[in-house]
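Biologist: Hey, got a minute to walk me through this model? I'd like the overall layout and then a few details.

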Amino acid sequence: MDEESGSETKEALVSAFAEFGGNSLRDIWLFDQSDYEMLFLREDVADKLEAVDVAKFIDNERFGFITQDTYDQLYYATYQYTVRGFDDFEQFRMFFDDDDRHVGVFASLDQQPNGYDYESLYKHVTDIASGYTVPVISSDTE
């Protein structure tokens, strides 16, 4: 995949999450087995992340590659996404796979009183991403 089409894929992902979350969108991260890339980071969240070891946080998200495979082997339904609730925000994570690679994306959103329809987010991101190749992570971290 050339760099331009990779950029288009990432722009499409950011657009899908931004359309869903609006001003509540806090951050978007893309990751694979060995690297990660920030696609979007709201300024007030950037200030909070200064005290966080982002690499360790991303490493924890990589366990999802294993649980995705486990769920797909153990259950009668296919794994689609995970949502985690924190006291300050909610996090949504899903994966893209092709024959050779596993790539994950997660995004955080401010909490809202009536919650979010994460199934519609999953479908929306999947629909948009289906028109693109699985994104490649740029090695621009630290």
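Modeller: Sure, one term to begin with: contact means heavy atoms within 4.5 Å. This is a predicted model, where local features need pLDDT of at least 70 and side-chain atom pairs count only at pLDDT 80 or more, while totals for chains, interfaces and linings use all residues. Residues are numbered from 1 along each chain as its sequence is written, and side-chain values use heavy atoms, with hydrogens and water left out.

Biologist: OK, so which residues is Phe 96 in contact with, leaving aside neighbours within four places in sequence?

Modeller: Phe 96 is in contact with Leu 13, Arg 101, His 102, Val 103, Val 105, Val 125, Ala 129 and Val 134.

Biologist: And how many residues are in the largest nonpolar core?

Modeller: It has 22, and those with the most contacts inside it are Phe 17, Phe 96 and Val 125. A nonpolar core here is a set of buried Ala, Val, Leu, Ile, Met, Phe, Trp, Tyr and Cys residues joined through side-chain atoms within 4.5 Å. Buried means under 20% relative accessible area, exposed is over 50%, and partly exposed is in between (1.4 Å probe, protein chains only).

Biologist: Which elements give two or more residues to this core?

Modeller: Those are α1 (3–21), β1 (25–31), β4 (89–97), β5 (102–110) and α4 (118–129). α4 gives the most, with 5 residues. The element names come from DSSP runs, numbered from the N terminus: helices are H or I with at least four residues, strands are E with at least two. There's also a second, separate core of 9 residues, which includes Tyr 36, Ile 58, Tyr 79 and Phe 95.

Biologist: Switching to the sheet, what's the strand order?

Modeller: The sheet is open, with 5 strands in the order β2-β1-β5-β4-β3 and antiparallel pairing. Two strands count as paired if DSSP finds at least two bridges between them.

Biologist: Which strands stand at the edges?

Modeller: β2 (36–41) and β3 (81–85); each has a single partner strand, so one side of each is left without a neighbour in the sheet. From one strand to the next, the twist averages 15°.

Biologist: How many bridges join β1 to β2?

Modeller: There are 5, and the two strands run antiparallel. Ile 28 has Phe 40 in β2 as its bridge partner. β1 and β2 form a hairpin, with 4 residues between them. Over at the other edge, β3 and β4 pair in the antiparallel sense over 5 bridges, and Val 83 stands opposite Phe 92 in β4.

Biologist: What packs on the sheet?

Modeller: Helix α3 (residues 54–74) does, touching β1, β2, β3, β4 and β5, and its direction makes about 55° with that of β4. α4 packs on the sheet too, touching β3, β4 and β5, at about 35° to the direction of β4. For those angles, axes are lines fitted to C-alpha atoms, for helices over the stretch in contact, and angles run from 0 to 180 degrees between N-to-C directions.

Biologist: Back to α3 then. Is Phe 57 buried or partly exposed?

Modeller: Phe 57, which is found in helix α3, has 29% relative accessibility, so Phe 57 counts as partly exposed. Not counting residues up to four places away in sequence, Phe 57 touches Gln 91 and Phe 106.

Biologist: And Lys 56, buried or exposed?

Modeller: Lys 56 also has its place in helix α3, and Lys 56 is exposed, with a relative accessible area of 59%.
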